[in-house]
Amino acid sequence: MDGIKFDFNNMFSQAVGKEHGVDESEIKEILPKVKKADEHLALVISDPKTRVKLSLEWTQLALQDKKTIQEIKRLGAQIASRYDNVLFLGIGGSYLGLKAAQDALAVPYYNEFSSIRKNKPRIYFEGNNLDPDTLNILLKNLNPTKTFVVVISKSGETTETKAAFIVVEDWLKKNTGKNYGRQILTITDPESGSLRKKVKYEQAQDKLSFRSLPLLKGVGGRYSEFNMGLLHLAIIGVDIEEVLAGAKIMGKKCSQDDLYENPAYMYAVLHTILYQNKNKSIAILMPFSESLKSTADWYVQLLAESLGKKYSRSISKSKGIEDWDRDVDSIVNLGRTPIATRGTNDLHSIQQNNIEGENNKVCTFIKVEKFRSEIRIPGKDDILSAQRYSELINLAEEATEWALVREKRPNCTIILPEVSPYYWGGLLFFFEIATAFEGELLNVNAFDQPGVEGYKNYMYFKLNKSGMPEGISKAIKNNPLIKDPKYIL
Ligand code: PA5
């Protein structure tokens with residue numbers, strides 16, 4: 001992409017030594033696998049039915065038609081003009097993209113100062129935990145008549161979101177009267193799930209209540225920011241077209257089959273080599289920008305849920321449509337462990353371990369060339385006098401690279417010209433393509449998350465949910481958690 005650059009110099013053996021860095025010969029070795037992965041991905045993406053079936057429809061989101069975008073912008077502007085607060089309820093893929101966008105694309109301290117918010121509503125996120133304190137305090141202090149609620153859940157079943165929604169719906173109902181549903185918008189599966197059912201029911205009573213946008217078929221939660229996140233962008237006045245244009249250009253760049261022209265493929269290949277050949281199983285993402293910390297949190301979910309898998313993938317085909325399943329005969333327990341950090345803050349924290357702890361990590365830095373504003377330090381008697389903040393933060397990034405290389409720690413840097421809607425859209429799409437491609441290289445399904453079901457099932461069982469599969473209930477009954485008081489001090 002014009003602008004975003006991927007600097008992978010420090011991933012190679014010439015920088016960090018053969019034991020810890022990638023050798024050019026290892027890239028040559030993996031090339032047949034890269035070709036196969038590229039061809040396979042291109043094949044499944046090229047067929048609309050397969051795309052939807054395998055949850056690869058996100059690859060098309062940058063190409064959404066103008067009419068859809070205009071409609072979302074109109075809706076966003078309408079909500080923004082009528083309400084002082086917008087409360088988003090959602091978790092995981094139905095939350096992290098929004099939070100990342102909020103912190104990256106709205107100005108810092110957005111909620112605190114109306115002058116910088118430019119008459120836009122304050123934005124709050126709930127339903128992403130079961131901690132009673134945050135929701136309690138928020139609802140006690142928000143004016144219900146001035147608050148619009150957007151509930152996002154693809155399945156409509158997620159406990160955290162559902163619980164918050166029941167509480168918030170009750171709060172609105174009690175405090176605003178019978179038309180409370182007009183202050184609610186849902187983003188959920190276009191056809192199925194209990195939230196969709198509720199929308200249908202409520203709209204049959206009052207057409208203006210429980211307005212709804214679709215979380216498209218074939219778009220999984222963590223790949224859905226360019227779908228479910230657009231209304232949020234419209235409400236806070238971010239240029240959606242710019243975000244999608246950035247993603248589109250990145251998509252074009254990352255559809256090239258030449259590894260040395262394709263930054264997302266290169267990112268995936270280098271990390272796979274370091275993971276599989278050099279035992280680098282920890283992925284540290286450290287943006288040197290306060291505004292990108294939540295984008296790092298978003299990436300944690302993307303990498304962990306996409307690639308942290310017990311089984312490898314088995315591929316089958318029926319009536320020309322490909323299907324992926326878990327190969328239960330092939331336990332692999334794969335996946336690098338992602339950690340979200342923030343430069344320069346965490347140079348005084350995790351960096352000690354990055355430098356001197358176990359050499360099992362790869363650090364990815366994100367460097368921002370131009371910030372929204374500048375601070376020039378006053379005075380002339382200190383070494384910091386006359387220095388600019390933007391130069392200092394980038395010097396700290398360079399210094400961190402240097403320190404890691406000295407200790408033979410592989411690292412790479414993504415360089416953003418600025419944190420603008422265009423480059424942020426490109427950055428997200430870069431990570432999505434890289435993750436999907438890494439899934440191909442590892443031969444795991446990057447678009448499911450069966451491991452998340454375990455805790456959900458246990459909770460449902462304890463909450464007496466009806467219709468639990470017999471096998472699951474039995475497994476929970478027969479394998480209770482054992483809490484021996486001897487081991488609790
Ligand atoms: O990536 C995913 O699919 C998950 O993380 C989901 O986004 C998360 O579990 C929330 O699910 P839902 O949108 O159905 O409430």
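**Exercise 1. Find the volume of the second largest pocket and the residues nearest its centre.**

Step 1: The volume of the second largest pocket is about 810 Å³. A pocket here is an open set of points on a 1 Å grid over the protein atoms alone, where a 1.4 Å probe fits, with protein on both sides within 12 Å along at least five of seven lines. The volume is the space filled by probe spheres set on the points.

Step 2: This is a predicted model, where local features need pLDDT of at least 70 and side-chain atom pairs pLDDT 80 or more, while totals for chains, interfaces and linings use all residues. Residues are numbered from 1 along each chain, and side-chain values use heavy atoms, without hydrogens and water.

Step 3: Among the 34 lining residues (an atom within 4 Å of a point), Thr158, Gly221, Glu305, Gln449 and Lys456 lie nearest the centre of the second largest pocket.

**Exercise 2. Work out which helix gives the most to the lining of the second largest pocket.**

Step 1: Look at H8 (159-176), H14 and H18 (453-462), helices that each supply at least two residues. Helices are DSSP runs of H or I, at least four residues long.

Step 2: With five residues, H18 gives the most.

**Exercise 3. Locate the largest pocket relative to the domains.**

Step 1: Start from its volume, about 1300 Å³. Of its 40 lining residues, the closest to the centre are Pro108, Ser289, Glu290, Ser291 and Arg372.

Step 2: Domain 1 (5-53 + 242-442) and domain 2 (57-240) both contribute to this lining, so the largest pocket lies between them. The domain bounds come from an automatic or database assignment.
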